[in-house]
Amino acid sequence: MPNTPILRGEAISVTDYRCTAGPDDAPFVEVHGGFDIAYVRAGTFGYRARGESFELVAGSILVGHPGDEYLCTHEHALNDECMWFRLAPELAEQIAADVWCIVAVPPHAELMVLGELAQAAADGGTDVGVDEVGLSLAARLAGIVAGRTSPAPEPRARDRRRAVDAALWIDAHAHEPVDLDRVARHAGLSAFHFLRVFARVLGVTPHQYLVRSRLRHAARLLAEGARSITDVAFDVGFGDLSNFVRTFHRIAGVSPRAFRDAARGRRKLAEDRLTGP
C-alpha cells in the first residue's frame, strides 16, 4: 500500500495514503496506531470497525482510535486515495471525546471543502499550512458531531495580546524554519488552541502570515534590485526557488522577475525626471 509522508510534526502528522487493492484482493485486519482522521479524496472502499460497516466514497471521513482493529474491503472498485491525519495524544484530548467514539462520517460539505484545501496545501497550491487545515478539519468534525453551529466567542484581551506577539515573532523570524509547533510554544499554547486564537484575532492562519511576511520582505529586496532572485528566495526563508517563484506569482499576480523589472523601471523613470532638463 504506497503512502507518502507529507508532514511529521509534534502535534499532527499527515500522510498521502494510496491503496491499490481491488475486488480480487482479500481484506485483512489492520490496527490504528494513533488518533486518526482520514479524508477520502478519491475512490471507494468498505470500512469495518467497532462492529459497524460503512461504504466510504470521495468526501467521506474515516475516524480511528489507537488500538482499534479495522478492515478495509474493495468489493466495488480498484484504488482509493486518502489524506490521513494522525493527531498526537495530547492534541486528541483537546478534541471533543465524541469524535473518537464514531467510526465514519458521510460526505459533508464543510468537511469536503477542508479536505480539498488540505490537498491544495500539500500540493503547494495555497499558503495555508497542511497541518493547520488538519487541525481545522478535526475541530469542525468535532463541532458537527456535537451538533454545534454557533459562532466562536470573541477572543479575550489576553488572547489578542498573544496573537499580536506571535505575529511580531513570526515576522522577526520569517527567514528561519518556522512551523506551527514552534510558534505555539512561543505563545505558550497548544498548537490546536494557538491556531484558533491566531486566526480568530488576525483573520489569517500562522502559516499564511509567515508566507506573506516572507513575500513582503522579498518584495522589498526585489525592488531594491541588489540581489539575485535565487538569493532573495533563500534570504527570506524559502528553501526552494521554484516554490518561491510559484508562491510569489500566485499571490502577487506577477513573477518575481517581472516585479523586479517593474520596480527598476519605476526607479529609472524617477531618476530620469530628477536629472533631466
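Me: Is L168 buried or exposed?
Reply: A heads-up: this is a predicted model in which local features need pLDDT of at least 70 and side-chain atom pairs count only at pLDDT 80 or more, while totals for chains, interfaces and linings use all residues. Residues are numbered from 1 along each chain as its sequence is written, and side-chain values use heavy atoms, with hydrogens and water left out. The scale is relative accessible area: buried means under 20%, exposed over 50%, and partly exposed in between (1.4 Å probe, protein chains only). L168 has a relative accessible area of 59%, so L168 is exposed.

Me: Which residues form a nonpolar patch on the surface, together with L168?
Reply: L168 lies in helix α4, residues 157-172; helices here are DSSP runs of H or I with at least four residues, strands are runs of E with at least two, and both are numbered from the N terminus. Patches take residues with over 30% relative accessible area and no salt bridge, joining like charges within 9 Å and nonpolar side chains (Val, Leu, Ile, Met, Phe, Trp, Tyr) within 5 Å. The patch has about 250 Å² of accessible area in total, by the Shrake-Rupley method with a 1.4 Å probe, where for residues only the protein chains shown count as cover. Besides L168, the patch has V164 and L202.

Me: How many salt bridges does the count come to?
Reply: The rule is a side-chain nitrogen of Lys or Arg within 4 Å of a carboxyl oxygen of Asp or Glu. One of them pairs R185 with E10 at 3.0 Å, N to O. That pair ties together distant parts of the chain, with R185 in helix α5 and E10 in the loop between β1 (3-8) and β2, 175 residues apart. Both R185 and E10 are exposed, and the salt bridge count comes to 16.

Me: What is the N to O distance in the salt bridge between R41 and D16?
Reply: This pair also links distant parts of the chain, with R41 in strand β4 and D16 in strand β2, 25 residues apart. R41 is buried at a relative accessible area of 13%, and D16 is buried too, at 10%. The salt bridge between their side chains has an N to O distance of 2.9 Å.

Me: Which side chain makes a polar contact of 3.1 Å with the side chain of D16?
Reply: D16 sits in strand β2, residues 12-19. A polar contact is a pair of N or O atoms within 3.5 Å; within protein, one must be able to donate a hydrogen and the other to accept it, and residues adjacent in sequence count only if both atoms are side-chain atoms. The D16 side chain has such a contact with R41 at 2.9 Å. At 3.1 Å, the partner is R18.

Me: Which residue is the salt-bridge partner of R140?
Reply: R140 is in helix α3 (residues 130-146) and the partner is in helix α2 (residues 109-122), 30 residues apart. R140 counts as partly exposed at 22%, and the partner is partly exposed at 37%. The two side chains meet at 2.5 Å, N to O, and the partner is E110.

Me: Why does C82 form no bond with C72?
Reply: A disulfide needs a pair of cysteine sulfur atoms within 2.5 Å, and the whole structure has 0 of them. C82 is buried, with a relative accessible area of 1%. C72 holds the closest cysteine sulfur to that of C82, but the two are too far apart for a bond because the distance is 7.8 Å.

Me: Which residue has a positive phi although it is not a glycine?
Reply: Look in the loop between β4 (35-49) and β5 (52-57). The residue there counts as partly exposed, at 40% relative accessibility. Its phi is about 50°, and the residue is R50.

Me: Which element has the lowest mean pLDDT?
Reply: pLDDT is the predictor's confidence in each residue, from 0 to 100, and the chain averages 89, with 93% of the residues scoring at least 70. Where pLDDT is low, the predicted coordinates shouldn't be read in detail. The chain has 10 helices and 9 strands. Helix α8 (residues 229-235) has the highest mean at 96, and the lowest, 69, belongs to helix α10 (residues 256-275).
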